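This report introduces a protein structure to a reader who has not met it before. Please look over the sequence and the structure before reading on.

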Amino acid sequence: MVERRHLASRIRLSLCLLTTLAYCNAPLAFAQADDKPQTSDKAGDKARDKGGDAAGTDNDNAPATEKADVKPAVNINRQLQAAGDCMVDGRYADAADIFKQALSLVPDSVEAMAGLGMALGRQNKLDEADEQFDKVLTINPNNAVAHCGKAMVSLNRYSSTKDTSGKPRAQLLKEAGRECNKALDADPRVVEAHYLLGKVYREENRLDRAEQAFSGAVKLDPHYAGAWVALGMVQTQREKYGPALESFNQAISVSPNNASAYFGRGQLYAKQGQTDRAVKEFNMSLYKNPNNPAVHLALGKSFDLQGDSIAAVKEFQEAIKLKPEDPEPYVELASDYESRGELDNSIAKLRAGLKILPNEPSLRLMVGSANMRAGRFDEAIADYLNVLGVQPKSVDAAQGLVRALYVKSQREPAIAVERTGDYQRAKTLVAQVVEGNPDSLVARYAAAELSAIAGETPTLDTIGVPKTDADRLALAEANLAEYKFSEADELFKRAVYNATKPKECFAIADLAYSLRALDAAETAFRKGLTFVNADARARKGLEAVTTARQTAQQDFQQADELYKHRMFAQAAAKYFSAVFGDPRNADARLGLAQSLEKLPASQSGPGSRNYRLALLQYRLYLKMAPSYAIHDVQKFNRKIARLDELVRKSEGSAPPPAGRASSDRVSSSSR
């Protein structure tokens with residue numbers, strides 16, 4: 001009976017301790033270990049001589065000289081059993097102490113070394129754990145347990161934000177896979193090798209291979225709840241919902257208190273849109289284990305889908321408390337505050353995350369977006385440049401950078417944005433993003449928008465037809481940069497129509513508002529009124545749109561008064577504000593053009609900058625204003641031609657090629 005308990009303990013040790021952090025509830029996963037065949041080294045159990053006891057009692061028939069030379073054999077089975085029980089109970093520090101005691105008695109005990117490595121690994125003392133496994137492999141290079149242990153260490157390093165090994169994450173993942181394969185070469189029956197290999201495949205997004213590996217683990221050990229959970233998670237990712245539900249149910253039947261199985265079942269229901277059932281499963285998981293940050297995060301997302309933002313915020317805060325180094329809860333929490341219109345709270349939460357993760361791209365992206373909405377364009381540009389420094393292929397960062405430059409160019413048109421260092425750097429970075437994402441329409445539309453900011457006229461029709469709402473919104477932004485307001489409106493309205501959740505709708509509304517596409521913003525905020533518990537946020541947005549229009553109109557009226565009093569510089573500044581607040585105010589653009597044209601030559605700036613701006617405003621006015629008589633159109637065309645000549649002479653540029661001047665004209669027949 002004692003020997004059977006010892007056997008069970010060693011099997012539980014060699015298998016249970018190799019389970020890594022993800023989904024496995026180790027003490028329950030191996031509850032049936034007594035029924036397993038023994039796979040560990042039995043050398044320590046054969047220390048007893050025939051006729052001797054466990055302590056190595058002398059054989060009375062042996063010669064006296066032989067007795068003097070024989071050292072008493074030491075049996076450490078009791079220590080190994082006690083340490084194994086501690087490991088199964090999750091008392092890893094106690095287990096480590098007992099393993100060390102065993103090694104002090106038998107320094108070359110492979111089982112004690114491997115056990116100590118596992119105990120240290122479970123305490124995240126990865127360097128010390130790795131050292132123990134290396135010692136085991138020095139004695140026995142084919143020790144499957146040690147190879148599994150090294151795979152566990154590599155996977156823990158891979159998932160840790162504080163890894164000190166200095167190895168690239170991709171290398172750690174390869175090392176983990178290599179160690180798993182070595183373990184399987186040594187003994188294909190080692191369950192944990194299949195399980196850990198499945199984790200490697202899952203991280204590599206080789207989900208078919210991951211499913212095979214986890215399936216192999218549960219075939220070898222049908223009572224391994226952790227492997228059932230991992231299998232169900234992969235099947236959920238592969239949208240094999242029926243088999244996934246069966247896997248989670250199997251895990252619960254084996255281990256009714258397995259919190260991870262309920263969490264997996266909740267994820268399954270959430271992915272199928274069954275939010276109420278998902279919430280129930282997540283709550284059950286937290287009842288079993290209240291300290292799992294991933295479950296709090298998932299529950300918060302589900303509450304968001306139910307429209308209960310207050311409950312969602314509570315769960316996100318709990319997730320941050322439990323795992324402050326995870327960026328996702330900060331993003332979700334900030335997004336929640338932002339969707340409620342609490343921009344300052346949103347930024348505060350993001351900055352709290354950045355204190356722990358200074359260069360985390362997801363947090364920097366959201367801070368950039370928040371700075372954009374707050375009108376801090378230079379800070380937003382710096383945020384997006386920071387992200388591109390960390391992730392040179394980030395489409396979101398490239399799009400955000402271009403958006404910030406566009407709004408800045410509209411807000412501060414007296415600054416030649418296309419000649420600034422930020423623009424030149426952005427041009428290089430965006431080109432790299434396009435090269436790294438050749439199939440991304442969003443990246444290519446962003447590049448076109450950047451060209452439009454510089455006064456070029458990219459052909460958007462040749463880029464491609466938008467297929468998703470993200471594509472449509474990116475194309476809408478590019479159209480705005482080319483002053484194609486009607487085309488942009490249609491794209492915004494399509495995206496608003498497709499929005500089925502409050503967050504989606506308000507994200508479009510906020511984007512449109514920041515770009516001063518006020519008609520589209522109003523449409524989106526009005527749709528927001530139709531969502532449950534979203535009316536306050538929608539009304540706040542509609543009030544902001546109304547205020548923007550009123551402010552733009554007030555700026556326009558004040559500019560007119562200043563113009564009448566021949567205060568052209570002050571009038572131009574107010575017209576600038578009026579045009580930014582309402583880009584479709586044709587009369588404000590005409591007043592701006594006339595004010596800039598009347599400024600003294602000494603105020604026209606380097607390269608006749610104000611003349612160039614006046615030229616642009618006249619052209620836009622003719623495109624936007626109501627139809628005019630032939631002589632009015634001709635008058636404006638003469639102004640455009642005269643300003644164009646002044647700009648070319650001032651900047652020393654060559655005359656336009658044949659046909660260029662006529663292409664700048666607006667004929668009455670085309671209106």
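Of the 69 residues in the largest nonpolar core, which touch the most other members? They are Y195, L196, F214, F282 and L363. The model described here is predicted, and the account below moves from its cores to one helix, then to its salt bridges and cysteines.

**Nonpolar cores**

The helix that gives the most to the core of 69 residues is α12 (residues 225–237), which supplies eight residues. F282 may serve as an example of the surroundings of a core member. Beyond its neighbours within four places in sequence, F282 is in contact with F263, G266 and Q267, and also with V295, A298, L299 and S302. A second core, separate from this one, has 68 residues, and A443, Y445, A488 and A499 are among them.

**Helix α9**

Helix α9 runs over residues 169–186 and has 18 residues. At 1.5 Å a residue, this helix should span 26 Å; its end C-alpha atoms are 26 Å apart, so the expected span and the model agree. The buried residues of α9 are L172, L173, E175, A176, G177, E179, C180, A183 and L184. These buried residues pack against two helices, α8 (144–159) and α10 (191–203).

**Salt bridges**

The structure holds 31 salt bridges. Three of them are set out below, each with the distance between nitrogen and oxygen.

| Salt bridge | N to O distance |
|---|---|
| R265 and E281 | 3.1 Å |
| D383 and R364 | 3.2 Å |
| R549 and D519 | 2.6 Å |

In the pair of R265 and E281, the closest N and O atoms are 3.1 Å apart. R265 lies in helix α14 (residues 259–271) and E281 in helix α15 (residues 275–288), so the pair ties together parts that are 16 residues apart in sequence. R265 has a relative accessible area of 16% and is buried. E281 is buried as well, at 9% relative accessibility.

The side chains of D383 and R364 also meet in a salt bridge. Because D383 belongs to helix α21 (residues 377–390) and R364 to helix α20 (residues 361–373), this pair ties together parts that are 19 residues apart in sequence. D383 counts as buried at 6% relative accessibility, and R364 is buried with a relative accessible area of 19%.

In the third pair, the side chains of R549 and D519 come to 2.6 Å, N to O. The pair links distant parts of the chain, 30 residues apart, with R549 in helix α29 (residues 535–564) and D519 in helix α28 (residues 518–528). Are these two residues buried or partly exposed? R549 counts as partly exposed, at 29% relative accessibility. D519 counts as partly exposed too, at 36%. Both R549 and D519 belong to a network of salt bridges that also links D489, E522, R526 and R584.

**Cysteines**

How many disulfides does the model contain? The count comes to zero disulfides. For C148, the nearest cysteine sulfur is that of C180, 6.1 Å away, and C148 is in no disulfide. A disulfide requires sulfur atoms within 2.5 Å. C148 is buried, with a relative accessible area of 0%, and C180 is one of the buried residues of α9. C86 also counts as buried, at 5% relative accessibility.

Definitions and conventions: Residues are numbered from 1 along each chain as its sequence is written. This is a predicted model: local features need pLDDT of at least 70, side-chain atom pairs count only at pLDDT 80 or more; totals for chains, interfaces and linings use all residues. Side-chain values use heavy atoms; hydrogens and water are left out. Helices (H or I, at least four residues) and strands (E, at least two) are DSSP runs, numbered from the N terminus. The expected span of a helix is 1.5 Å times one less than its number of residues. Buried means under 20% relative accessible area, exposed over 50%, partly exposed in between (1.4 Å probe, protein chains only). Contact means heavy atoms within 4.5 Å. A salt bridge is a side-chain nitrogen of Lys or Arg within 4 Å of a carboxyl oxygen of Asp or Glu. A nonpolar core is a set of buried Ala, Val, Leu, Ile, Met, Phe, Trp, Tyr and Cys residues joined through side-chain atoms within 4.5 Å.
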